[in-house]
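Trainee: Please show me the model. Then let us go through it piece by piece.

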Amino acid sequence: MFKKTLISLILAAGLAFGASASAETKVGFVYVGPIGDHGWSYQHDQGRLAVEKELGVKTSYVENVPEGADAERVIRQLASSGHNLIFTTSFGFMNPTVKVAKQFPNVKFEHATGYKRADNVATYAARFYEGRAIIGTIAGKMTKTNVVGYIASFPIPEVIRGINSFTLAMKKVNPEAKIKVVWVNTWFDPGKESDAAKALIDQGCDILTQHTDSPAPLQVAESRGVYAFGQASDMKAFAPNAQLTSIVDNWNDYYVAQTKAVMDGTWKSMDTWGGLKDKMVEMAPYGDAVPADVRAMADAVKNGILDGSFHPFQGPIKNQQGELVVKEGEVLSDKELVGMNWYVEGVEGSIPK
Amino acid sequence: MLPSLVKRQQPSTLMVYLSPVIALILSMVAGVILFLIMKVSPFGGLHAFFIEPLSTKYGIAELGVKATPLVLIGVALSLGFKAGVWNIGAEGQLTIGGLCGGAMALYFYEQQGFHIIPLILATGIVSGMAYASIVAFLRVKFNANEILTSLMLSYVAVLFLNLMVHGPLKDPDGFNFPESRMFSDSALLPILLEGTRLHIGALLALTVVAIGWIVMSKTLLGYQIKAAGSAPAASEHAGFRRSKVIWITLLIGGGIAGLAGAIEVSGPIGQLQPSISPGYGFTAIIVAYVGRLHPVGAMLAGILLALTYLGGETAQIQLNLPVAVTGVFQALLLFFLLACDVLIHYRIQFTEQAVRVENT
């Protein structure tokens with residue numbers, strides 16, 4: 001009995017000491033790709049650097065972490081080495097994050113693009129589909145062959161949403177335009193991405209867009225003299241002539257705010273889905289090739305989303321079978337957008353099952 | 001004077017033991033240089049790589065978790081390589097084993113019973129064997145090169161897994177994300193050490209090492225495997241059928257790789273995902289060779305490789321080193337290990353002849 005009390009006392013002292021020692025805030029980041037992808041993981045790392053710069057806290061990161069058995073160990077290692085806030089930045093880290101969070105109730109976790117939350121697990125994602133509506137408008141106006149190529153990663157709702165939003169916007173300004181979708185089944189593989197880009201150009205596409213993380217498709221577009229849109233980050237440096245604009249993920253403000261909340265003790269588990277209005281999605285400056293009237297149309301879409309007068313998924317919207325899914329005057333709810341698994345009218349082919 | 005390699009009359013027994021030591025010293029030196037270039041303390045770097053991961057009970061358990069698939073497949077492949085059967089496709093056999101074992105786990109979703117885990121593991125073994133038998137059949141029947149067929153079938157396996165988790169095995173409540181349900185508790189491997197992830201798969205790996213050793217050193221089958229690899233013509237002459245050796249080594253390789261896949265999904269992962277292995281089937285080829293195609297060697301090599309993975313993660317967290325540096329260090333270590341093994345069969349000689357050749 002005495003022994004037990006003694007042990008629990010020591011444990012309590014240890015916990016108390018641990019708590020006071022962690023007065024210094026440390027933030028950990030887990031990336032699915034290398035920072036050098038110049039896309040998804042790169043932008044998350046920009047957010048990490050912003051946290052370091054603005055709040056002066058210590059951060060660490062682990063890059064290229066496979067989505068599988070290893071993720072749990074990496075997350076746990078961060079949690080057990082004094083990090084009080086951990087960002088896990090890929091969908092496949094969802095279950096490992098939740099598992100580790102159960103064992104470390106005092107550590108806060110933030111998981112990107114997932115749907116499982118707990119008292120110490122928050123989720124966050126960005127409304128990239130808002131940016132897709134803008135680039136869809138530009139693509140519709142600027143394509144000459146009326147065939148636009150779309151390099152897609154995995155047929156998950158986020159990617160389907162992007163294809164639909166892009167197609168709706170493109171068809172609105174140019175009903176003749178078509179899109180061709182190629183699935184590469186990877187988030188980051190410059191070789192596969194550029195092969196897909198070449199194949200699409202060979203099939204007559206004169207504008208490319210992508211939902212993968214590397215600048216490889218833009219480099220192909222640059223060398224073949226067609227246009228393309230950057231992804232996740234401003235990729236102009238890789239394609240100074242080809243990039244028309246880019247949908248830029250901006251995690252800086254969010255990461256700084258959440259870190260600050262942990263420091264102030266005001267952090268709460270919640271779901272954040274930020275868009276253009278929250279500056280979580282931003283557009284890179286237009287390329288020189290975009291004419292003034294197209295810029296004006298793209299700006300109009302952007303301003304419409306910003307002031308709430310336009311929603312990329314506002315009715316009437318028909319599905320591929322031609323059935324009316326969203327009536328005139330209605331918009332798709334967030335709940336329906338989160339699980340989106342159908343194509344809108346005008347997308348060719350079917351969603352890979 | 002130019003150094004050249006001269007084949008020894010007999011393998012040097014001294015070098016058998018000395019070569020790993022030389023390799024270790026060389027990679028330490030290379031590591032120190034690498035860490036100095038990266039402007040981190042060499043002591044801190046080596047500490048993060050080799051000591052820190054083993055400083056906690058959890059860390060040691062994780063070493064077991066990470067090493068289990070590498071050791072299992074490493075042992076299985078070393079049998080095949082010894083016989084000159086080049087099964088490069090363990091990754092595919094692992095994937096199929098994991099997929100079928102996982103499908104079994106999902107079939108018993110929310111059911112109880114002690115039969116579930118043995119069934120999952122047996123399914124992994126049988127499906128891995130079945131997948132490898134395609135390679136064996138093509139080789140024996142049509143003399144198709146097994147390096148090509150087994151490698152190509154790996155890609156098929158991974159894509160097939162993708163198809164399944166995007167389709168029939170998808171979590172019905174998962175918002176259409178390509179993942180299966182989380183397995184229920186009765187389909188998860190029992191944990192050996194409370195508070196860690198060390199599961200009974202590690203014991204199975206040790207058992208496979210022991211069986212592999214006995215087979216290779218004490219049985220006729222082991223002798224046939226060695227003979228088929230080192231003297232194919234003589235072994236045929238002695239009446240050992242080549243096709244039998246091909247079938248047996250491929251079935252063993254496929255079965256154990258499939259077992260490793262089933263262990264991964266019902267152990268540390270606990271569900272089916274588009275990718276269930278970060279290339280264990282390919283890494284195990286290195287494991288087999290660093291272990292000099294000996295079951296016990298493969299075990300040591302598997303543990304060493306697992307340690308460098310854990311150390312790489314620790315080095316990233318503690319020293320903010322990029323993942324590429326940890327990869328370079330890992331590769332240096334393997335390079336020195338394999339390069340020093342040359343000294344067992346060859347010695348370095350500084351010949352006058354080389355000089356003369358240069359002068360003329």
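Trainee: In which strand of chain A does Ala232(A) lie?

Mentor: This is a predicted model, so local features need pLDDT of at least 70 and side-chain atom pairs pLDDT 80 or more, while totals for chains, interfaces and linings use all residues. Residues are numbered from 1 along each chain as its sequence is written, and chains are lettered from A and ligands numbered from 1 in the order in which they are written. Helices (H or I, at least four residues) and strands (E, at least two) are DSSP runs, numbered from the N terminus. On that count, the element that holds Ala232(A) is strand 9 of chain A.

Trainee: What phi does Ala232(A) have?

Mentor: Most residues other than glycine have a negative phi. Ala232(A) is not a glycine, yet its phi is positive, at about 75°.

Trainee: Which residue of strand 10 of chain A stands opposite Ala232(A)?

Mentor: Strand 9 (residues 227-232) and strand 10 (residues 243-249) of chain A run parallel, joined by four bridges. Two strands pair if DSSP finds at least two bridges between them. Opposite Ala232(A) in strand 10 of chain A stands Val248(A).

Trainee: Which strands are the edges of the open sheet with mixed pairing?

Mentor: That sheet of chain A has six strands, in the order 7-6-8-9-10-12. An edge strand pairs on one side only. Here the edges are strand 7 (178-183) and strand 12 (281-283) of chain A.

Trainee: What angle does helix 5 of chain A make with strand 10 of chain A?

Mentor: Helix 5 (residues 128-142) of chain A packs on the sheet, with strand 6, strand 8 and strand 9 of chain A among the strands it touches. Contact here has a cut-off: C-beta atoms, placed from the backbone, lie within 7 Å. Axes are lines fitted to C-alpha atoms, for helices over the stretch in contact, and angles run from 0 to 180 degrees between N-to-C directions. On that scale, helix 5 and strand 10 of chain A make about 175°.

Trainee: What is the average twist in the open sheet with the order 2-1-3-4-5-11?

Mentor: This sheet of chain A has six strands and parallel pairing. Its edges are strand 2 and strand 11 (271-274) of chain A. From one strand to the next, the twist averages 15°.

Trainee: Which residue of strand 5 of chain A is opposite Glu110(A)?

Mentor: Strand 4 (residues 108-112) and strand 5 (residues 121-126) of chain A run parallel, with four bridges between them. The partner of Glu110(A) in strand 5 of chain A is Ala122(A).

Trainee: How far apart are the centres of domain 1 and domain 2 of chain A?

Mentor: Domain bounds come from an automatic or database domain assignment. For chain A it gives domain 1 (25-126) and domain 2 (128-248 + 282-338). Taken over C-alpha atoms, the separation of the centres is 28 Å.

Trainee: Why is helix 2 of chain A called oblique to helix 9 of chain A?

Mentor: The axes of helix 2 and helix 9 (residues 252-264) of chain A come within 8 Å and cross at roughly 50°. Angles under 35 degrees count as roughly parallel, over 145 as roughly antiparallel, 65 to 115 as roughly perpendicular and the rest as oblique. The crossing angle therefore makes the pair oblique.

Trainee: Which hand does the crossing of helix 3 and helix 11 of chain B have?

Mentor: Helix 3 (residues 57-82) and helix 11 (residues 280-290) of chain B pack at an angle of about 60°, with axes 8 Å apart. A crossing is left-handed if the near helix is turned anticlockwise from the far one by less than a right angle, and right-handed if clockwise. Helix 3 of chain B passes helix 11 of chain B in a crossing that is right-handed.

Trainee: How do the residues of chain A that touch chain B divide by class?

Mentor: The contact takes 30 residues from chain A and 24 from chain B. Helix 3 of chain A gives the most to its side, with seven residues. Ala, Val, Leu, Ile, Met, Phe, Trp, Tyr, Cys and Pro count as nonpolar, Asp, Glu, Lys and Arg as charged, and the others, Gly among them, as polar. The side of chain A divides into 14 nonpolar, 10 polar and six charged.

Trainee: Which peptide bond is cis, with omega near 0°?

Mentor: Most peptide bonds are trans. Look at the loop between helix 10 (292-307) and strand 13 (317-318) of chain A, where Pro316(A) has its place. The cis bond runs from Gly315(A) to Pro316(A).

How values were computed: Two residues are in contact if their C-beta atoms, placed from the backbone, lie within 7 Å.
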